[in-house]
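User: I would like a close look at a single part of this model, namely the site where the ligand is held. Please set that site in the context of the overall fold.

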Amino acid sequence: MSQEERTGRPRVVLVGPMGAGKTTVGELLASSWGLGLRDTDRDVEDAEGRPISEIFVDRGEKYFRDLERAAVAEALGTHDGVLALGGGAVIDHATRAALKGQRVVFLHVGLSDAVKRVGLGSARPLLLGNVRARVKALLDERQPIYREVATITVETDGRSPEDVADEVRHRVEHAEHDEASGSADAAASEEGER
Ligand code: S3P
């Protein structure tokens, strides 16, 4: 798909748990493609004028999830670069439905790398208490959902963000190429049938 043909649809949507590296890998990808990076966590924080941890404490998770759902819907309809979603965005049914037909990359991370990356003293509101146990519970619960929405899964354990971003870039470009030649083939066979 050429850049001119893309209007208001992300080239790729990154999903995965906290510590998967969505923002870091997203930045690398966006800069290698010369596109913008949008991050729904940032959008929510900008809209509210305060960090997510404060939103959770003051208004609760439901309030945050409502803002997040709206931020994801808005970004899916308007942003044509790389889009990184907050780790819990996919638990929302409407968001899962909105992801159908999008190119979604799941950045997979196992428990020990996830804990290392978020840090034991994490400021993330859902990790208060025993970080390792909370990360494990979230991974167990959400892994099947990430797999369900993803069109591509990339392993991140033990790898640098650069290495992961390279694999994502190659696989997305490959999928775009296959899609473009698939639609050219379909168009040619339709022509032939006439
Ligand atoms: C959350 C992940 C966070 C942020 C919020 C809730 C989650 O995003 O949206 O703290 O439910 O997993 P990151 O995955 O970008 O850290």
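User: Before turning to the ligand, what radius of gyration does the protein have, and what value would a compact globule with 194 residues have?

Analyst: The model is a predicted one. Its radius of gyration is 18 Å, whereas a compact globule with 194 residues would be near 16 Å, and the protein therefore agrees with that expectation. Along the principal axes, the C-alpha atoms fill a box of roughly 65 × 35 × 30 Å. The protein contains eight helices and five strands, and these elements follow one another along the sequence as β-α-β-α-α-α-β-α-β-α-α-β-α.

Within this fold, the ligand sits in the largest pocket. There are 14 residues around the ligand, and those that come nearest are Lys22, Asp41, Arg65, Gly87 and Arg142. By character, the shell divides into six charged, five nonpolar and three polar residues. Among the elements of the fold, helix H4, which spans residues 61–78, gives the most to this shell, with three residues.

Individual polar contacts can be described at the level of atoms. For arginine 65, an N or O atom of the side chain is 2.7 Å from an oxygen atom of the ligand. The side chain of arginine 124 likewise places an N or O atom 2.9 Å from a ligand oxygen atom. At glycine 87 the partner belongs to the backbone: a polar backbone atom there is 2.9 Å from an oxygen atom of the ligand. As for the cover that the protein provides, the ligand taken alone exposes 390 Å², and the protein buries 94% of that area.

In summary, the ligand occupies the largest pocket, with charged, nonpolar and polar residues in its shell. Side-chain atoms of arginine 65 and arginine 124, together with a backbone atom of glycine 87, face oxygen atoms of the ligand at the distances given above.

Terms used. Residues numbered from 1 in each chain as written. Predicted model: local features only at pLDDT ≥ 70, side-chain atom pairs only at ≥ 80, totals over all residues. Heavy atoms only, no water. Near = heavy atom within 4 Å. Polar contact = N/O pair within 3.5 Å; in protein donor to acceptor, adjacent residues only side chain to side chain. Areas by Shrake-Rupley, 256 points an atom, 1.4 Å probe, with all protein chains shown as cover. 1 Å grid on protein atoms, 1.4 Å probe; cavity = no way out; pocket = protein on both sides within 12 Å on 5 of 7 lines; lining within 4 Å. Sits in = over half its atoms within 2 Å of the grid points. Helix = DSSP H or I, 4+ residues; strand = E, 2+ residues; numbered from the N terminus. Nonpolar A, V, L, I, M, F, W, Y, C, P; charged D, E, K, R; others polar. Rg over C-alpha atoms; globule rule 2.2 N^0.38 Å.
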